[in-house]
Amino acid sequence: MMGFASLLQQIACGAIAAAGFGVLFNVGSRTLSLCAASGATALGLRTCCLGMGMSLEGASFVAALSVGAVLHFLHPLMDVSHNVPGVAGCIAMVPGSFAAKAIIGLFALTTGSVGDELDMLVTATKYALRVFFITGAIGTGLAVPSLLFRRRVPQ
Amino acid sequence: MENDATQKATDPKVVFCSPYESALSSLEIIATASLEAGKMSMEAGANAIGVETITQIFALGLGARLVELRIGYASLAITVGIDGASITCVRKVGDFRVNHRLIHALGNLGTRVAKGQLTAERTRSELGLLRGETPKYSAWITALAVGIACAAFGRLLGVDWRGVGPIALAAIIGQYVRQLLLRCHVNAFLCAAITSFISCVVAGLGARWAGSATITVAMISSILMLVPGVPAVNALRDILEGHPTLGNARAVTVVATLIFITAGLWLGNAAINEWHP
């Protein structure tokens, strides 16, 4: 029951965050609902995948891939660009807090005020690597559907 | 004598030019109109394939038979040609602000151009109108939406309910200040650092005043609107889709932006600890 409540909260927060970013990206009012739906789908899928024991990187990839694929096929039907709604939907999965923690950790190392410098370095590096892999997973997941289904004409 | 000279200078000139010069003149109009469309789409947040597609639609629709495009981070270069004559034009790309409605409007205009409904001159004037007439949300509505989005982010990151209000308030103030700074053409990196500092201080003090147990996460949540998500995803897509130079330039800009955001956060954290240890 607690898991279901947590899933609902993730879906609701994902939808709100994506719609908010939709306004920031000047998305039209009709497309805002698409942003909210893609945010809800992305966060819902990621939570389900995490619940099944997947890593955060893998879950982010599956969620971004699914959102990218759905938007790729909806694109001709709904007359909207699939790039921005996809990014707005997946932006809630971008690990901004990990990035901040990684850079703050590295800043702290330079001040010499840290007790265990090695431990701080390992922690900051772990955060930085996770940022790198999660952002890569989201970007690749969003790009793969268009790479798969759109062929480049040879020059 | 002097009157004659003045008369000649004010008379409309009749210039006889060769077919080659005439072709070059029309090619220049096609190239500038296509580059303007590409520049606008790039500044509005399109990835390399999107910019390439828009530019080609405009150039081919206006009558070019040959279109070659080079997309750089800060400039676009196009070569267009008709019947053996060709011309190359370069255009600087300005500040980057995601604008989905502008990209959509450019796509619609491109469809009309591809159908041959517009001349090159008319296309240029329509592009000028698009820039001014594409609707935008007001600064306050954008700030309010960003505040609510950051509060939702906070809940996703595990902030308790007492910290949600301060996050929303801090993000609203931060986003409004950010828009003011961008309107004054303040450097985008400095703007990110200043906004991050202000949001972080407001969120930190607010969360402490509200009795939140998750002050640090609340401070981080209040600056998440600054995280360059679109450039980060575009960077990877550009690399995957065969534009590694542009992708790398975008990735470096993303990293630099993150460093400035974190510098603001770090300074804000230090200021709060100094005032209320």
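Buried means under 20% relative accessible area, exposed means over 50%, and partly exposed is the range in between. Keep these cut-offs at hand for the tour, which goes through a predicted model.

**Stop 1: chain A as a whole**

Select chain A and show it as a cartoon. Six helices and zero strands make up its secondary structure, so the pattern along the sequence reads α-α-α-α-α-α. The C-alpha trace spans about 60 × 55 × 30 Å along its principal axes. Of the 155 residues in chain A, 49% are buried.

Now switch on the surface of chain A. About 7300 Å² is exposed, and carbon and sulfur atoms supply 71% of that area. Colouring by charge picks out 8 positive and 5 negative side chains, with the centres of the two sets 17 Å apart. Among contacts in chain A with a separation of 6 or more, 70% are between residues 24 or more positions apart.

**Stop 2: Q10(A)**

Select Q10(A), which sits in helix α1 (residues 2-24) of chain A. Is this residue buried or exposed? Q10(A) has 14% relative accessibility, so it counts as buried. Leaving aside residues up to four places away in sequence, Q10(A) touches L43(A), R46(A) and T47(A), along with L156(B) from chain B.

**Stop 3: salt bridges in chain B**

The count of salt bridges over all chains is nine. Three of the pairs are visited here.

Begin with R131(B) and E43(B), whose closest N and O atoms are 3.6 Å apart. This salt bridge links distant parts of the chain: R131(B) belongs to helix α5 (residues 120-133), E43(B) to helix α2 (residues 19-43), and 88 residues separate them. R131(B) is partly exposed at 38% relative accessibility, whereas E43(B) is buried at 10%.

Next, select E126(B) and R112(B), which meet in a salt bridge with an N to O distance of 3.4 Å. E126(B) is in helix α5 and R112(B) in helix α4 (residues 100-114), 14 residues apart. The relative accessible area of E126(B) is 15%, so this residue is buried. R112(B), at 32%, falls in the partly exposed range.

The third pair is R250(B) and D238(B), with closest N and O atoms 2.7 Å apart. R250(B) is in helix α11 and D238(B) in helix α10 (residues 229-240), so the salt bridge ties together parts that are twelve residues apart in sequence. Both partners are buried: R250(B) has 4% relative accessibility, and D238(B) has 0%.

Before leaving, select E36(B), K39(B), E43(B), R91(B) and R131(B) together; salt bridges that share partners join these residues into one network.

**Stop 4: a nonpolar patch on chain B**

Select L190(B), I194(B), V255(B), I259(B) and F260(B) and show their surface. They form a nonpolar patch with about 390 Å² of accessible area together. Which elements give two or more residues to the nonpolar patch? They are α8 (188-210) and α11 (244-275) of chain B. The largest share, three residues, comes from α11(B).

Within the patch, pick I259(B), which is placed in helix α11 of chain B. Its relative accessibility is 38%, so I259(B) counts as partly exposed.

**Stop 5: G158(B)**

Finish at G158(B), in the loop between α6 (139-156) and α7 (161-183) of chain B. G158(B) is partly exposed, at 46% relative accessibility. Draw a distance from its C-alpha to that of A85(B): the two residues are 63 Å apart in space and 73 residues apart in sequence.

Conventions: Residues are numbered from 1 along each chain as its sequence is written. Chains are lettered from A and ligands numbered from 1 in the order in which they are written. This is a predicted model: local features need pLDDT of at least 70, side-chain atom pairs count only at pLDDT 80 or more; totals for chains, interfaces and linings use all residues. Side-chain values use heavy atoms; hydrogens and water are left out. Patches are made of residues with over 30% relative accessible area and no salt bridge: like charges are joined within 9 Å, nonpolar side chains (Val, Leu, Ile, Met, Phe, Trp, Tyr) within 5 Å. Accessible areas come from the Shrake-Rupley method with a 1.4 Å probe; for residues, only the protein chains shown count as cover. A salt bridge is a side-chain nitrogen of Lys or Arg within 4 Å of a carboxyl oxygen of Asp or Glu. Helices (H or I, at least four residues) and strands (E, at least two) are DSSP runs, numbered from the N terminus. Buried means under 20% relative accessible area, exposed over 50%, partly exposed in between (1.4 Å probe, protein chains only). Contact means heavy atoms within 4.5 Å. Lys and Arg count as positive and Asp and Glu as negative; His and the chain ends are not counted. The place of a charge is taken as NZ of Lys, CZ of Arg, CG of Asp or CD of Glu.
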